[in-house]
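Please look at the following structure together with its sequence. The paragraphs below lead through some of its strands, its core and one of its helices.

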Amino acid sequence: MANPAPKQASDFVAQLEAANLHPLWDRFRTLTPVKPQAKDPPLIWRWRDIEPFTHRAVSEVPIDDVERRALILVNPAFGGDTVTTSNLIAAFTVLDPGDRARPHRHTFAAIRFATRADGAATIVNGRRCDMRESDLILTPPMCWHGHINETDRRIIWFDAANIPLLRQLDANFFEPGDPKANQFWQVDEGDEKLWAESGMAGADIQRGPAHSPKYHYSGAAMRRLLAALPAGPDGAHTLRYTNPATGDSVMPALDCYAVRLPKNNTTRPKRTTCNMICLVVSGSGRSTVGEHTFDWSQHDVFSIPHWTFASHIAKDGDATLFVVSDRSAFERLDLLREELQ
Ligand SMILES: [Fe+2]
């Protein structure tokens, strides 16, 4: 039988659509693209542009009026949506002396990385985590957390969370804590001690939820391990922050890494199906991400959208990046694919 004339075909499609039916044959290329196509081009946010806004936020936004005083890094490719790169947001939070960011908990996963946060403290599930240079603090799903600045200096740290992923899944729950509950803040490191000794764990400790039972990862330990690690196949020295009970990622849908780039050694271009946000911890250098090349220095942040080749080089000495990604989510869904050029 001959194919129907175009007019008949479009009448048929219109009738299907009116009946809440879609034909697969005229739209399967859209439904099943041959490869991932990130909505966002890579982008860099420079610390010299961000820093003045952090100070202005302190003078214009009292912490008691807001849940958190954070400036979120947004890629305009998401059309005004509050997204840094697919599935992830990154931000800088600022706390003045005496500020308390009140307790709450939620199902999205979050981390903070201490850029200028020496002496601040984050309380996570009744454990006080004192922040030192380059420390990583986890606030895993549904763990109560609050932040306090008891120093006499302004505190700024880098945050990241998987809020866009949870919004996509419509799976976020949020519970505010009692802002007046003083006992929330009157805690010591508590059970964090159980996970402080690398390679040793209590034999009778029950395995808890899917996330790491350790919330505080020391910046000094990160630097020691990075200095000792051999280079990987791409030429970078990479450590993964892990759940000490399982050796797996720190959280099921948020996955953290630190990378040391040796001076003047361009890493091999690599692409992966997951999304990454890179914070420059120390040093300076240059990254080529897809068609874009960025020169960066300390506390700049740039995105590596999924399935985009990225390579990096440190200038004027070694450089260190902190990388937060949704890689563990892709692993669990069996969707992780990586290529090295
Ligand atoms: Fe939070």
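In strand β17, H292 is the bridge partner of V289. This is a predicted model. The pair belongs to the antiparallel pairing of β16 with β17 (residues 292–296), in which five bridges join the two strands. Two residues lie between the strands of this hairpin, and one residue, G290, takes a positive phi near 60°.

Strand β16, which covers residues 276–289, has further partners. With β18 (residues 301–304) it pairs in the antiparallel sense over four bridges; here I277 of β16 has S303 in β18 as its bridge partner. With β19 (residues 310–325), β16 forms an antiparallel pairing over 12 bridges. Within that pairing, V280 is matched with L321 in β19. As a general point, strands of a sheet pair through backbone hydrogen bonds, in either a parallel or an antiparallel manner.

The next topic is the interior. Which residues have the most contacts inside the largest nonpolar core? They are A90, I111, A160, L279 and L321, in a core of 68 residues. The element that gives the most to this core is β16, with seven residues. L321, the bridge partner of V280, is thus met again among the core residues with the most contacts. A90 can be followed in detail: apart from neighbours within four places in sequence, A90 is in contact with L73, T84, F158, D159, A160, I277 and V301. Among these contacts, A160 is itself one of the residues with the most contacts inside the core, and I277 is the residue that bridges to S303 in β18.

A separate description applies to an open sheet of five strands, which follow the order β7-β6-β9-β4-β11 with antiparallel pairing. Its edge strands are β7 (127–130) and β11 (174–176), each of which pairs on one side only. On average, neighbouring strands of this sheet are turned by 25° against each other, direction ignored. At one edge, β11 pairs with β4 (residues 100–106) in the antiparallel sense over three bridges. In this region H104 stands opposite P176 in β11.

Finally, the helix α3 covers residues 47–60. From its first C-alpha to its last, this helix of 14 residues reaches 20 Å, close to the 20 Å expected at 1.5 Å a residue. Are the residues of α3 covered or hardly covered? The helix is hardly covered, for the count of buried residues among its 14 residues is zero.

Technical notes: Residues are numbered from 1 along each chain as its sequence is written. This is a predicted model: local features need pLDDT of at least 70, side-chain atom pairs count only at pLDDT 80 or more; totals for chains, interfaces and linings use all residues. The expected span of a helix is 1.5 Å times one less than its number of residues. A residue is buried if 20 or more other C-beta atoms lie within 10 Å of its own, exposed if 12 or fewer, and partly exposed in between; C-beta atoms are placed from the backbone. Two strands pair if DSSP finds at least two bridges between them. Axes are lines fitted to C-alpha atoms, for helices over the stretch in contact, and angles run from 0 to 180 degrees between N-to-C directions. A nonpolar core is a set of buried Ala, Val, Leu, Ile, Met, Phe, Trp, Tyr and Cys residues joined through C-beta atoms within 7 Å. Two residues are in contact if their C-beta atoms, placed from the backbone, lie within 7 Å.
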